[in-house]
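Me: I would like a close look at a single part of this model, with the rest of the chain brought in as its setting.

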Amino acid sequence: MENLEKIKDQTRNAIDEFIIEADLEENDILVLGGSTSEINGGSIGKDSSLEIGNAVIETVLEILDEKNIKLAVQCCEHINRAIVIEKEVALKNNFEIVSVVPALNAGGAMSVAAFSQMKNPVVIEHVIAKAGIDIGDTEIGMHVKFVQVPLRLAEKYIGKARVTALKSRSKLIGGARAIYE
């Protein structure tokens, strides 16, 4: 198994840089997708690790809670890439809560870890986050609002999993005569 302290350090570095690059502010929603199998050097969905999931989620929540940024964790495709989120955030944003509890083989280790570490977690089908970070190519784009802009972070890997990130920007409308700033 990959070294948990190294995973926590890589996660911290990636999230700290991501918050700055994505221009996240208080009450923004960040969607996180992650494969603990990929972090551990395996194939996605084949070697889930709750220990790694807990380490990543603990680190992310520690950073986001301090900045009052809201975390939304994407589940795996076995429950249609649903989202684990705090109930307060779901209610405030009028997200429809669904009845499912993530499991290791139907949701994945990251969502199980999020569900166990959040204060009052619920699951929703879809979120429109300001930005997202993806650890291990889990494909979070469906949960980041349009227009999406890829970010290139200095921390390119967490464990053995590739890190990719997206931020969003307002649509530029109006054509050649429009003024944007």
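Which backbone nitrogen lies 3.4 Å from a polar atom of the side chain of serine 37?

Reply: In this predicted model, the partner is the backbone nitrogen of lysine 46, which lies 3.4 Å from a polar atom of the serine 37 side chain. Serine 37 belongs to helix α2, an element that spans residues 36-39. At 1% relative accessibility, serine 37 counts as buried, because the cut-off for that class is a relative accessible area under 20%. Once the neighbours within four places in sequence are set aside, serine 37 is in contact with Gly42, Ser43, Ile44, Gly45, Lys46, Asp47 and Ser48, so that lysine 46 appears both in this list of contacts and as the residue whose backbone nitrogen faces the serine side chain.

Helix α2 also has a part in the packing around another helix. The buried residues of α5 pack against α2, and likewise against β1, α3 (50-67), β2 (70-74), β3 (83-86) and β6 (131-135). Helix α5 itself covers residues 109-117, and its buried residues are Ala109, Met110, Ser111, Val112, Ala113 and Ala114.

On the N-terminal side of α2, the loop between α1 (4-21) and β1 (29-34) holds aspartate 28, and both aspartate 23 and asparagine 27 are placed in that loop as well. Aspartate 28 is buried, with a relative accessibility of 16%, whereas aspartate 23 is partly exposed at 48% and asparagine 27 is partly exposed with a relative accessible area of 35%. The backbone here deserves attention, since aspartate 23 has a positive phi of about 55° although it is not a glycine, and asparagine 27, also a residue other than glycine, has a positive phi near 75°. The side chain of aspartate 28, for its part, reaches the backbone nitrogen of glutamate 25 at 2.7 Å. Beyond the neighbours within four places in sequence, aspartate 28 is in contact with Asp23, Ile69, Lys70 and Lys130.

Further along the chain, proline 121 sits in strand β5, which runs over residues 121-124, and at 17% relative accessibility it counts as buried. Proline 121 and glutamate 86 are 35 residues apart in sequence, yet their C-alpha atoms are 4.5 Å apart in space. Leaving out neighbours within four places, the contacts of proline 121 are Val84, Ile85, Glu86 and Phe115. Later still, a cis peptide bond, with omega about 15°, joins phenylalanine 146 and valine 147, and valine 147 is placed in the loop between β6 and β7 (148-151).

As for the whole chain, the elements run α-β-α-α-β-β-α-β-α-β-β-β-β-β from the N terminus on. The radius of gyration is 16 Å, close to the 16 Å that the globule rule gives for 181 residues, so the chain is as compact as a globular protein of that length. Of the 181 residues, 49% count as buried, and residues 24 or more positions apart account for 70% of the contacts with a separation of 6 or more. The accessible surface comes to about 9,500 Å², of which 47% belongs to carbon and sulfur atoms.

Key:
Residues are numbered from 1 along each chain as its sequence is written. This is a predicted model: local features need pLDDT of at least 70, side-chain atom pairs count only at pLDDT 80 or more; totals for chains, interfaces and linings use all residues. Side-chain values use heavy atoms; hydrogens and water are left out. Helices (H or I, at least four residues) and strands (E, at least two) are DSSP runs, numbered from the N terminus. Buried means under 20% relative accessible area, exposed over 50%, partly exposed in between (1.4 Å probe, protein chains only). A polar contact is a pair of N or O atoms within 3.5 Å; within protein, one must be able to donate a hydrogen and the other to accept it, and residues adjacent in sequence count only if both atoms are side-chain atoms. Contact means heavy atoms within 4.5 Å. The radius of gyration is taken over C-alpha atoms; the globule rule is 2.2 Å times the number of residues to the power 0.38. Accessible areas come from the Shrake-Rupley method with a 1.4 Å probe; for residues, only the protein chains shown count as cover.
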